[in-house]
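Me: I have a model open and would like to learn how to read its pockets and its helix packing. Could you walk me through them?

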Amino acid sequence: MNKPRISIGIDTSNYKTSVAAVDENGNILCNVQKYLDVKKGERGLRQSTALFQHVNNLPELIDDCFNAITRDQVVCVSVSAKPRPIEGSYMPVFNAGISAGRMLSTSLGVPFYSFSHQEGHIEAVRFFSPLKEREELLSFHFSGGTTEALLMKNGSLTVAGGSLDIAFGQVLDRVGVALGMAFPCGEEMDKIACSGRGGEKNLLPVIKCADGFVNLSGIETRCQREVDRIEKEQLIVMLFERIGQAICAMTEQLLQKYKVSSVLFAGGVSSSRFIRRYVEEQLKGIDICFGKPELSTDNAVGTAILGGKEIWR
């Protein structure tokens, strides 16, 4: 009996090194990640520093991966080579994964494939969702540096909406750091939002949405101004409420505009329990799908699946 064929994925995003292995039956055999080190009080890393950390992290994570799989079952290696699937999209951090992936594919004698970080995020959620076979849908990608709504048709992605300036993840991280939290701040803020109370009235301005697009620098500036005026827990709850409202407004406007019936949410911000609960309550009756939280944050599972599909089909 033939053993299932395995695809290895590598993702070296801005703040996490990830390696995964998935077989052709959809079993996740390995899914390991390591956060990059960011000094307390800082809101990110220089690309050169992040690249250096990825290079140091990859050998250990690749060793962990091969401890979980059989080498002779590997049929391809795939990496995230750029942030988004558009011309000119580039970030130096992805060169760490490209280099490691090419060396690995050569040593194993298997094909090498490259995709975008965004495509990997979406596939990690979509492949394990009820929307797996859907030909047309609206997909949101909410991550640390991206807030986009993408119209998916026949496997291609077209930007349909999103933020015109900074991303939801950037708002959360910048406000979180201002509140004294360690970067990245989203997970800690989500726990506080889920357990806290925002008060009877939300003192933050509504994030206005027009034709599926929003601007987020205003809400970030207002939060920075209120850091010393509003109690920490209350400010976080109010911010998450405003983000949830904005997501609902974007969704409703874009469904009306493009006449699609299904919505997929991917990316780290989509792993927020508060936002999931809020959106599901507000958009009852709409076919929406959030992935497993562990597959919504940065990982290499989707990248592995995309490469595997090139061989398995």
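**Pockets and packing**

Reply: Gladly! In this predicted model, the lining of the largest pocket is made up of 14 nonpolar, 16 polar and twelve charged residues.

Me: What shows where empty space is left?

Reply: Rolling a probe the size of a water molecule over the atoms reveals the empty space. Here, the largest pocket holds about 1100 Å³ of space. Its lining counts 42 residues, with Ser143, Gly144, Asp173, Pro184 and Gly268 nearest the centre.

Me: Which helices each supply at least two residues of that lining?

Reply: Look at helix 3 (117-126), helix 4 (168-178), helix 5, helix 8 and helix 9 (293-296).

Me: And how much space lies in the second largest pocket?

Reply: About 460 Å³. The second largest pocket has 18 lining residues, and nearest its centre are Glu123, Arg126, Gly155, Leu306 and Lys309. Two or more lining residues come from each of helix 3 and helix 10 (301-312), with helix 3 giving the largest share, four residues. By class, this lining has six nonpolar, two polar and ten charged residues.

Me: Now the packing: how are two packed helices described?

Reply: By the angle between their axes and the distance between the axes. Take helix 5 (residues 186-195) and helix 8 (residues 273-282): they pack at about 50 degrees, their axes 8 Å apart. Because of that angle, helix 5 is oblique to helix 8.

Me: Which residues make the contact?

Reply: Asp190, Lys191, Ala193 and Cys194 of helix 5 meet Arg273, Phe274 and Arg277 of helix 8. Sorted by class, this contact has three nonpolar, no polar and four charged residues.

Notes:
Residues are numbered from 1 along each chain as its sequence is written. This is a predicted model: local features need pLDDT of at least 70, side-chain atom pairs count only at pLDDT 80 or more; totals for chains, interfaces and linings use all residues. Side-chain values use heavy atoms; hydrogens and water are left out. Axes are lines fitted to C-alpha atoms, for helices over the stretch in contact, and angles run from 0 to 180 degrees between N-to-C directions. Angles under 35 degrees count as roughly parallel, over 145 as roughly antiparallel, 65 to 115 as roughly perpendicular and the rest as oblique. Contact means heavy atoms within 4.5 Å. Ala, Val, Leu, Ile, Met, Phe, Trp, Tyr, Cys and Pro count as nonpolar, Asp, Glu, Lys and Arg as charged, and the others, Gly among them, as polar. On a 1 Å grid over the protein atoms alone, a cavity is a set of points where a 1.4 Å probe fits but cannot get out, and a pocket is an open set with protein on both sides within 12 Å along at least five of seven lines; lining residues have an atom within 4 Å of a point. Grid points are joined across faces, edges and corners, and a volume is the space filled by probe spheres set on the points.
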